[in-house]
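Q: Could you walk me through this one? I'd like to start with how the strands are put together.

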Amino acid sequence: MSLYLGFDTSNYTTSAALYDPEQNTVWHAKKLLPVKPGEKGIRQSDAVFHHTQQLPDLLESALSQAAEAMRLSRRELAAQVAGVGVSSRPRRVEGSYMPCFTVGLTQARDLGAVLDVPVTEFSHQEGHIAAALYSAGRLDLVGTEFCAFHVSGGTTESLFVVPGTESPVEAQLEGTSTDLKAGQAIDRTGVMLGLPFPAGPALEQLALQSTKTYKVRPSAKGLDVSLSGVENKCQKMLRDGKAPEDIALFCLKSVEAALQSMADALLSQHPGKHLVFSGGVMSNGIIRKDFEARYDCSFAAPEFSADNAAGVAVLAALRAAQQ
């Protein structure tokens, strides 16, 4: 038996996971970083502090879940750990860096040294893609070429994924939002409407109360889109006294229109390729329903859509199998 640990300390979530490739089972635990009411984000120094405080308890939780399920003592479980995967940067490109990822990397390297097992670094984006593949039951796509989206608070990107030498899923950037990201548009609209941050789930529930129908024309150029106008339009709707649920629906339909434009452009470059959607924004049921009807696609399960360590644990196992 070989088990693989995973750590991800992103800008908004602390997470730890353990993956058993033989049973294709993940045990994971995660916790959002605390953001003060009315705030639209968190400083990196605060993120690092909270990750440091939260990660030990989350690792304890993931290991306890696994030990109970496998009927092993913690010592027996630890003896089966064959490797550690960790997200050490946002994307696999030169200069991609955020201080918050150093917390997970430090924990991974410490455990790797104590357990005498290899530590493999991946990008946060690669972890998202792998978590989507795992939870959608599409690990068969590893080793092939496919299209993917990573849509979150800090990223709105369309990608072409190929087998890589450093990662089983190497993501090549195809398109992006040139200004505001999809998650930012959603979170800023939600906070403007008095919803808690991050606002995605609450904004979706509010939007479901609307009876309006919106057909939005996105601001797009080739593979790229612009989303800054969404926030401006939502602010104007609020000033004009529009109902909060209608503003919420307009925001989500605007994001959906932009992503649809990106997807259509991406598939025109790579016709016939499967689409994999990852990132917290893609857990939105309104967007998912329409996209599943339109594309040959797979979505991460909701609990694996937002930031989580499951993907890098899975990647560590896949990387080990390649060597």
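A: To begin with a definition, two strands pair if DSSP finds at least two bridges between them. Please keep in mind that this is a predicted model.

Q: OK, so which residue in strand 11 is the bridge partner of H150?
A: The partner of H150 there is S278, and the two strands involved, strand 6 and strand 11 (residues 275-278), pair in the parallel sense over four bridges.

Q: And how many bridges join strand 6 to strand 7?
A: Six bridges join them, and strand 6 and strand 7 (residues 156-162) run antiparallel. They form a hairpin with four residues between the strands, and V151 has T156 of strand 7 as its bridge partner.

Q: Is strand 6 largely enclosed or exposed, and why?
A: Six of the six residues of strand 6 (residues 146-151) are buried, so the strand is largely enclosed by the rest of the structure. Buried here means under 20% relative accessible area.

Q: Which way do the strand 6 residues point?
A: F146, A148 and H150 point one way, whereas C147, F149 and V151 point the other way, and all of them are buried. In a regular strand the side chains alternate between the two faces of the sheet.

Q: Switching to the core: which residues touch the most other members of the largest nonpolar core?
A: Those are F149, L275 and M282, in a core of 45 residues. Helix 8 (residues 244-269) supplies the largest share of this core, with 14 residues.

Q: What is L275 in contact with, leaving aside its neighbours within four places in sequence?
A: L275 is in contact with C147, A148 and F149, with A263, L266 and L267, and with Y295, D296, C297 and S298. There is also a second, separate core of 29 residues, which includes A130, A131, F146 and A300.

Q: Now pockets. How much space lies in the largest one?
A: About 910 Å³ of space lies in the largest pocket. Its lining is made up of 36 residues, and S152, G153, G280, A306 and D307 lie nearest the centre.

Q: Which elements give two or more residues to that lining?
A: They are strand 3 (25-32), helix 5 (182-192), helix 6 (200-207) and helix 10 (302-305). The largest share, four residues, comes from helix 5.

Q: And what is the lining by class?
A: The lining of the largest pocket has 14 nonpolar and 16 polar residues, together with six charged ones.

Definitions and conventions:
Residues numbered from 1 in each chain as written. Predicted model: local features only at pLDDT ≥ 70, side-chain atom pairs only at ≥ 80, totals over all residues. Heavy atoms only, no water. Core = buried A, V, L, I, M, F, W, Y, C linked by side-chain atoms within 4.5 Å. Buried < 20%, exposed > 50% of the residue type's maximum accessible area, 1.4 Å probe, protein only. Contact = heavy atoms within 4.5 Å. 1 Å grid on protein atoms, 1.4 Å probe; cavity = no way out; pocket = protein on both sides within 12 Å on 5 of 7 lines; lining within 4 Å. Points joined across faces, edges and corners; volume = space filled by probe spheres on them. Nonpolar A, V, L, I, M, F, W, Y, C, P; charged D, E, K, R; others polar.
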